[in-house]
Amino acid sequence: MIVRKSPREVEAMARAGQVVAETLELVGENIRPGITTAELDRIAEEHIRARGGVPTFKGYRGFPASICASPGPMVVHGIPGPYRLEEGEVLSVDVGVTLGGLVGDSAYTFAVGEIGPEAQRLLDVCQAALEAGIANARPGNRVGDISAAVQRVTEEAGFSVVRSLVGHGVGRSMHEEPQIPNFGEPGRGPELAPGLTLAIEPMITAGSAAVALADDGWSISTADGSLSAHFEHTVAVTDGDPRVLTASTRLAAGSRVGSLLP
Ligand code: MG
Ligand code: MG
């Protein structure tokens with residue numbers, strides 16, 4: 001069942017989303033070679049709780065931490081720990097916050113120090129794919145319009161979308177219907193209407209789309225070891241333009257990537 005939110009619920013989600021955005025900004029400020037992902041997790045959890053929120057991921061199906069921290073070829077669901085970030089790699093950070101009973105969910109892939117041009121292009125294209133998906137979150141469109149836009153931007157750049165992981169509805173639960181694949185056909189799937197709140201989250205790779213689950217039971221990496229990127233926003237469908245509930249002015253998506261947008 002697809003749950004439409006009341007205007008009051010959307011405002012509550014925007015408050016949760018604001019804490020998510022602040023947390024990602026704070027994590028980004030602390031990312032540097034040598035810091036461990038466990039330290040980033042502690043910084044994030046302290047901020048979420050100081051703002052009155054609860055880290056949604058902690059304890060979710062037994063997940064042991066407040067953020068997901070996924071370096072290099074790891075796509076999603078990395079467990080923070082003793083791993084130390086290295087100059088020149090990328091780190092995907094996923095944050096969920098529950099506040100007032102409603103959830104915000106957003107991810108950002110950061111550069112650790114200076115990264116190479118192809119890694120930067122992967123990040124830029126993933127952000128552009130997210131922007132293209134968000135631009136299609138309009139009443140009367142269908143989920144497939146979002147999916148197809150993400151796929152087109154990614155594949156036109158020569159990259160692959162991960163097919164076994166999808167975006168989702170979000171609200172009182174972190175994962176609600178509908179599923180939002182990052183590939184698909186325009187005009188297909190559930191129709192979008194005001195009050196729908198969606199976590200749109202392209203997960204893309206520089207190599208093949210195949211991924212593999214690690215022995216820890218959580219972290220998912222590219223099967224071929226190629227680099228991956230993940231950007232996500234929680235978005236409300238309105239009567240008009242989509243409203244990004246996890247927007248950050250300091251981590252502005254699309255600031256560098258206008259030329260990549262269709
Ligand atoms: Mg997420
Ligand atoms: Mg999500």
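The legends below describe several views of one protein chain and its magnesium ions, all taken from a predicted model.

**View 1. The whole protein chain, with its helices and strands.** In this predicted model, the protein chain is built from four helices and 15 strands. Its radius of gyration is 17 Å, close to the 18 Å that the globule rule gives for 262 residues, so the chain is as compact as a globular protein of that length. Taken along the principal axes, the box that the C-alpha atoms fill is roughly 45 × 40 × 35 Å.

**View 2. The inside and the surface of the protein chain.** Of the 262 residues in the protein chain, 55% are buried. When contacts between residues at least 6 apart in sequence are considered, 71% of them join residues at least 24 apart. The accessible surface of the protein chain comes to about 10,600 Å², and carbon and sulfur atoms account for 51% of this area. The protein chain carries 21 positive and 32 negative side chains, and the centres of these two sets lie 6 Å apart.

**View 3. The magnesium ion (ligand 1) and its protein donors.** The protein donors of the magnesium ion (ligand 1) are Asp-94 (OD), which is listed twice, together with Asp-105 (OD) and Glu-232 (OE), and they lie 2.1 to 2.5 Å from the ion. Along the sequence, the spacing of these donor residues is D-x10-D-x126-E. Distant parts of the chain are linked here, since Asp-105 belongs to strand E5 (residues 102-111), while Glu-232 belongs to the loop between strand E13 (228-230) and strand E14 (233-236), and the two residues are 127 residues apart.

**View 4. Asp-105 between two magnesium ions, with Glu-232.** The magnesium ion (ligand 1) and the magnesium ion (ligand 2) are 3.1 Å apart, and Asp-105 coordinates both of them. Buried means under 20% relative accessible area, and because Asp-105 has a relative accessibility of 3%, Asp-105 counts as buried. Glu-232 is also buried, with a relative accessible area of 0%.

**View 5. Ser-219 and the residues that Ser-219 touches.** Ser-219 is found in the loop between strand E11 (211-213) and strand E12 (220-222). With a relative accessibility of 3%, Ser-219 counts as buried. If residues up to four places away in sequence are not counted, Ser-219 touches Met-74, Val-76, His-77 and Gly-78, as well as Ala-212, Leu-213 and Ala-214.

Methods. Residues are numbered from 1 along each chain as its sequence is written. Chains are lettered from A and ligands numbered from 1 in the order in which they are written. This is a predicted model: local features need pLDDT of at least 70, side-chain atom pairs count only at pLDDT 80 or more; totals for chains, interfaces and linings use all residues. Side-chain values use heavy atoms; hydrogens and water are left out. The radius of gyration is taken over C-alpha atoms; the globule rule is 2.2 Å times the number of residues to the power 0.38. Buried means under 20% relative accessible area, exposed over 50%, partly exposed in between (1.4 Å probe, protein chains only). Contact means heavy atoms within 4.5 Å. Accessible areas come from the Shrake-Rupley method with a 1.4 Å probe; for residues, only the protein chains shown count as cover. Lys and Arg count as positive and Asp and Glu as negative; His and the chain ends are not counted. The place of a charge is taken as NZ of Lys, CZ of Arg, CG of Asp or CD of Glu. Donors are N, O and S atoms within 2.8 Å of the metal (3.2 Å for Na, K and Ca); water is not among the atoms, so sites may look incomplete.
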